[in-house]
Amino acid sequence: MQLLKDRINKDGKIKEGNVLKVDSFLNHQIDIELLEEIGKEFKRRFEGEEITKILTIEASGIAIACIAAKYFNVPVLFAKKSKTKNIAGEVYTSKVESFTHGKVYDIMVSKEFLLKEDKVLILDDFLANGQALLGLSKLVEDAGATVVGAGIVIEKGFQVGGELIRKQGIHLESLAIIEKMSVEDGVTYR
Ligand code: 5GP
């Protein structure tokens, strides 16, 4: 998606440890016009698929999912990062190792909102090692629901996540795939 790549080139900041900061338009301050274009693009890429729910993870996935959901006309469910241990029974949970913080945390969704009939599109801002997407798809599987696909705004193609997810047979659409990035040379796309 050229508009997104242009914006990353203009405003993205490359940090140590293979982290791209997009705080001025996606992760902190949010450019809603850009998100609307992102939402339309996800809709185009998953055209013809039956989708009943969009699933994402708090916090940065929520805005993306909410605006995309306008074009799919479905509700958004976001997995909560949970600190409470004793919640088994009413929720589906899985573990996610955070790329940016290096910690393992639990995510959960209420069983009330994820049903076996659901056809789920998973959306997130970044794909790095794939742990967030795998954790989210486990929630869907545990519910007996179906993962229709996964949409990512920025995939870091030099990390293992993309391959991992595609190998699982999940229909993955990334709007910008970064081949390599460095402070000296900037970002190169696939
Ligand atoms: P994964 O689970 O695929 O290893 O990492 C994806 C998650 O980590 C995303 O939900 C995102 O919040 C965060 N993340 C991974 N890489 C980056 C990055 O380069 N920049 C930012 N801002 N977040 C990232």
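Author: Helices (H or I, at least four residues) and strands (E, at least two) are DSSP runs, numbered from the N terminus. This is a predicted model: local features need pLDDT of at least 70, side-chain atom pairs count only at pLDDT 80 or more, and totals for chains, interfaces and linings use all residues. Residues are numbered from 1 along each chain as its sequence is written, and side-chain values use heavy atoms, without hydrogens or water.

Reader: What makes a residue part of the shell around the ligand, and which come nearest?

Author: One of its heavy atoms must lie within 4 Å of the ligand. There are 17 such residues. Leu20, Asn129, Gly130, Ala132 and Lys156 come nearest.

Reader: Which element supplies the largest share of that shell?

Author: Strand E7, with four residues. E7 spans 119-127. Strand E2 (19-21) and helix H4 (131-142) also supply at least two residues each.

Reader: How many shell residues are nonpolar, polar and charged?

Author: Seven are nonpolar, seven polar and three charged. Ala, Val, Leu, Ile, Met, Phe, Trp, Tyr, Cys and Pro count as nonpolar, Asp, Glu, Lys and Arg as charged, and the others, Gly among them, as polar.

Reader: Why is the pair between Asp124 and the ligand called a polar contact?

Author: The cut-off for a pair of N or O atoms is 3.5 Å. An N or O atom in the Asp124 side chain is 2.8 Å from a ligand oxygen, so the pair qualifies. A polar side-chain atom of Lys156 also lies 2.8 Å from a ligand oxygen. At Asn129 a polar backbone atom is 2.8 Å from one.

Reader: How much of the ligand does the protein cover?

Author: It covers 89% of the 500 Å² of accessible area that the ligand has on its own. The area comes from the Shrake-Rupley method with a 1.4 Å probe.

Reader: Where does the ligand sit, and what makes that a pocket?

Author: It sits in the largest pocket. On a 1 Å grid over the protein atoms alone, a pocket is an open set of points with protein on both sides within 12 Å along at least five of seven lines. "Sits in" means that more than half of the molecule's atoms lie within 2 Å of its grid points.

Reader: Which residues does UniProt mark as "binding site"?

Author: The unreviewed entry lists Ala128, Asn129, Gly130, Gln131 and Ala132. The lining of the largest pocket (an atom within 4 Å of a point) takes in Ala128, Asn129, Gly130, Gln131 and Ala132 from this set. Such annotations may be inferred rather than shown by experiment. Ala128 is in the loop between E7 and H4.

Conventions: Polar contact = N/O pair within 3.5 Å; in protein donor to acceptor, adjacent residues only side chain to side chain. 1 Å grid on protein atoms, 1.4 Å probe; cavity = no way out; pocket = protein on both sides within 12 Å on 5 of 7 lines; lining within 4 Å.
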